[in-house]
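Hi everyone, thanks for making room for me today. Let me put the model up on the screen, and then we can walk through it together.

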Amino acid sequence: MSKAQSPADVLKRFEGVTEVVADNLRFKRKLAIGEDAYTSIKVGRALSTIWDVGGVAATGAGVASSSAIASTFFASSGILASIGIGAVATTPVGWVVAAAVVSGGAYYGVSRAIGRYAKSRVEVIPVSSTRPSTNSVRPSST
């Protein structure tokens with residue numbers, strides 16, 4: 001067992017130290033914190049993704065339920081329909097839901113792939129972090 005050192009002995013080991021971290025950016029880069037160190041940024045990015053996927057899914061559902069799609073794929077049949085009178089063609093609800101799921105899923109997949117590609121090419125070094133301070137420490141002159 002090692003004997004306990006007095007605070008004065010510990011401080012003597014640091015005499016002459018002028019900097020703890022010489023290069024702040026390189027230190028932060030080695031920590032590999034990135035933007036995800038901040039919960040608020042992660043939550044904001046997740047909410048933005050959910051909002052975007054919901055918007056694309058709603059657009060997909062809107063296009064699928066449009067009269068152009070309905071009349072092209074689900075046209076009414078019968079004598080009255082052939083002369084333009086009668087039931088209006090509608091897209092089945094299942095098709096609308098499926099279009100929403102497929103368009104939202106496609107958007108999510110493509111945006112994730114692009115995000116992974118961007119992260120592989122760029123390292124983000126935060127200005128500050130919740131990790132230990134990266135400011136140079138200089139001993140006080142007492």
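So, a question to get us going: by class, how many nonpolar, polar and charged residues does the lining of the largest pocket have? Hold that thought for a second, and keep in mind that what you're looking at is a predicted model. Okay, here's the count: 6 of the lining residues are charged, and the rest split into 3 nonpolar and 3 polar.

Let's stay with that pocket. The largest pocket holds about 380 Å³ of space. Its lining is made of 12 residues, and the ones nearest the centre are Arg45, Thr49, Arg112, Gly115 and Lys119. Where does the lining come from? Two helices, H3 (39-64) and H6 (93-121), each supply at least two residues of it. H6 has the largest share, with 6 residues.

Now the next pocket. The second largest pocket comes in at about 310 Å³. There are 15 residues lining it, and closest to its centre we have Gly34, Lys119, Val122, Glu123 and Val124. You'll have noticed Lys119 again: that residue is also among those nearest the centre of the largest pocket. For the second pocket, the elements giving two or more residues to the lining are helix H2 (24-31) and, once more, H6. H6 gives 3 residues here, the largest share. In terms of class, this lining has 7 charged, 6 nonpolar and 2 polar residues.

Let me zoom out for a moment. The protein has 6 helices and 0 strands, so to speak an α-α-α-α-α-α run from the N terminus on. Of the 142 residues, 13% are buried. And if you take the contacts with a separation of 6 or more, 73% of them are between residues 24 or more positions apart.

Back to the two helices that kept coming up. First, H6. With 29 residues at 1.5 Å a residue, H6 should span 42 Å, and its end C-alpha atoms are 43 Å apart, which agrees. H3 passes the same kind of check: its 26 residues should span 38 Å, and the end C-alpha atoms sit 37 Å apart, so that agrees as well.

Which residues of H6 are buried? They are Val96, Ala100, Ser103 and Gly104, and they pack against H3. On the other side of that, the buried residues of H3 are Val53, Ala57, Gly60, Ala61 and Ala64. H6 is part of what covers them, and so is helix H4 (67-73).

I'd like to pick out one residue here, Ser103, which is in H6. Leaving aside residues up to four places away in sequence, Ser103 touches Val56, Ala57 and Gly60. Its side chain also reaches the backbone oxygen of Val56, at 3.4 Å.

Last one, Gly55, over in H3. Is Gly55 buried, partly exposed or exposed? Gly55 counts as partly exposed, because its relative accessibility is 34%, and the band for that runs between 20% and 50%. Gly55 also pairs up nicely on screen with Gly104: the two are 49 residues apart along the chain, yet their C-alpha atoms are separated by 8.0 Å.

That's what I had. Happy to rotate the view if anyone wants another look.

How values were computed. Residues are numbered from 1 along each chain as its sequence is written. This is a predicted model: local features need pLDDT of at least 70, side-chain atom pairs count only at pLDDT 80 or more; totals for chains, interfaces and linings use all residues. Side-chain values use heavy atoms; hydrogens and water are left out. On a 1 Å grid over the protein atoms alone, a cavity is a set of points where a 1.4 Å probe fits but cannot get out, and a pocket is an open set with protein on both sides within 12 Å along at least five of seven lines; lining residues have an atom within 4 Å of a point. Grid points are joined across faces, edges and corners, and a volume is the space filled by probe spheres set on the points. Helices (H or I, at least four residues) and strands (E, at least two) are DSSP runs, numbered from the N terminus. Ala, Val, Leu, Ile, Met, Phe, Trp, Tyr, Cys and Pro count as nonpolar, Asp, Glu, Lys and Arg as charged, and the others, Gly among them, as polar. The expected span of a helix is 1.5 Å times one less than its number of residues. Buried means under 20% relative accessible area, exposed over 50%, partly exposed in between (1.4 Å probe, protein chains only). Contact means heavy atoms within 4.5 Å. A polar contact is a pair of N or O atoms within 3.5 Å; within protein, one must be able to donate a hydrogen and the other to accept it, and residues adjacent in sequence count only if both atoms are side-chain atoms.
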